[in-house]
Amino acid sequence: QAQLVESGGGQVQTGDSLRLSCVAPPRTVMWYTMGWFRQAPGREREFVAAISRSGPTAYSDSVKGRFTISRDNAKNTVNLQMNVLKPEDTAVYYCAAAEPGNPAAVASSYKSWGQGTQVTVSS
């Protein structure tokens with residue numbers, strides 16, 4: 001399983017921006033579907049965004065238009081630019097990698113996960 005390491009979380013105010021990064025082993029970002037999920041206290045882990053190895057992206061309705069997922073194959077990183085943050089975005093954010101061809105919005109598709117990075121948005 002690939003070792004994924006997230007960074008970039010923090011505590012911000014409503015309307016602020018944050019950029020999360022996930023560093024993966026060489027070739028992981030290039031060959032796998034990379035996704036971001038989040039989990040708030042007392043809630044199930046939910047899909048946020050994903051990018052396939054061929055480029056298409058997918059977003060949950062709750063973040064569409066505010067968040068952007070991108071990939072840098074040369075740096076083996078996948079990023080999540082989060083704009084216009086809201087208190088309901090508060091959660092631990094996880095980076096994950098899935099074999100191509102599996103449903104990108106389904107957590108069980110992903111076999112490798114990072115440890116997570118906390119994002120807290122205060123009103």
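This report covers a four-stranded sheet, the salt bridges, and three buried residues in a predicted model.

**The sheet**

Four strands form an open sheet. Their order is E1-E3-E8-E7, and the pairing is antiparallel. In general, strands of a sheet pair through backbone hydrogen bonds, in a parallel or an antiparallel sense. Strand E1 (5–7) and strand E7 (67–72) are the edges, each pairing on one side only. From one strand to the next, the twist averages 15°.

E7 pairs with strand E8 (residues 77–82). That pairing is antiparallel and runs over six bridges. Within it, Ser 70 stands opposite Asn 79 in E8.

**Salt bridges**

The structure holds four salt bridges. Three of them are listed here, with N to O distances.

| Pair | N to O distance |
|---|---|
| Glu 46 – Arg 38 | 2.6 Å |
| Asp 89 – Arg 38 | 2.9 Å |
| Lys 64 – Asp 61 | 3.4 Å |

Arg 38 takes part in a salt bridge with Glu 46 and in another with Asp 89. Asp 89 lies in the loop between E8 and strand E9 (91–98), and Arg 38 in strand E4 (residues 33–39), so this pair ties together parts that are 51 residues apart in sequence. A network of salt bridges links Arg 38, Glu 46, Arg 66 and Asp 89.

How do the partners sit with respect to solvent accessibility? Arg 38 has 5% relative accessibility and counts as buried, because the cut-off for buried is under 20%. Asp 89 is buried too. Glu 46, at 29%, counts as partly exposed. The pair Lys 64 and Asp 61 is another matter: Lys 64 is exposed, and so is Asp 61.

**Ala 91**

Ala 91 lies in strand E9. Its relative accessible area is 1%, so Ala 91 is buried. Beyond residues up to four places away in sequence, Ala 91 touches Arg 38, Gln 39 and Ala 40, and also Thr 117, Gln 118 and Val 119. Arg 38 thus appears in the contact list of Ala 91 as well as in the salt-bridge network. Ser 62 is 29 residues from Ala 91 along the chain, and their C-alpha atoms are separated by 13 Å.

**Asn 76**

Where is Asn 76 placed? Asn 76 is in the loop between E7 and E8, the two strands that pair over six bridges. At 17% relative accessibility, Asn 76 counts as buried, since that value is under 20%. A polar atom of the Asn 76 side chain lies 3.4 Å from the backbone nitrogen of Arg 27. Leaving aside neighbours within four places in sequence, Asn 76 is in contact with Cys 22, Val 23, Ala 24, Pro 25, Pro 26, Arg 27 and Val 29.

**Thr 28**

Thr 28 is found in helix H1 (residues 28–31). Its relative accessibility is 6%, so Thr 28 counts as buried. Which backbone oxygen does the side chain of Thr 28 reach? That of Pro 25, at 3.1 Å. Pro 25 is also one of the contacts of Asn 76. With neighbours within four places in sequence left aside, Thr 28 is in contact with Ala 2, Met 34 and Ala 97.

Methods:
Residues are numbered from 1 along each chain as its sequence is written. This is a predicted model: local features need pLDDT of at least 70, side-chain atom pairs count only at pLDDT 80 or more; totals for chains, interfaces and linings use all residues. Side-chain values use heavy atoms; hydrogens and water are left out. Buried means under 20% relative accessible area, exposed over 50%, partly exposed in between (1.4 Å probe, protein chains only). A polar contact is a pair of N or O atoms within 3.5 Å; within protein, one must be able to donate a hydrogen and the other to accept it, and residues adjacent in sequence count only if both atoms are side-chain atoms. Contact means heavy atoms within 4.5 Å. Two strands pair if DSSP finds at least two bridges between them. Axes are lines fitted to C-alpha atoms, for helices over the stretch in contact, and angles run from 0 to 180 degrees between N-to-C directions. A salt bridge is a side-chain nitrogen of Lys or Arg within 4 Å of a carboxyl oxygen of Asp or Glu.
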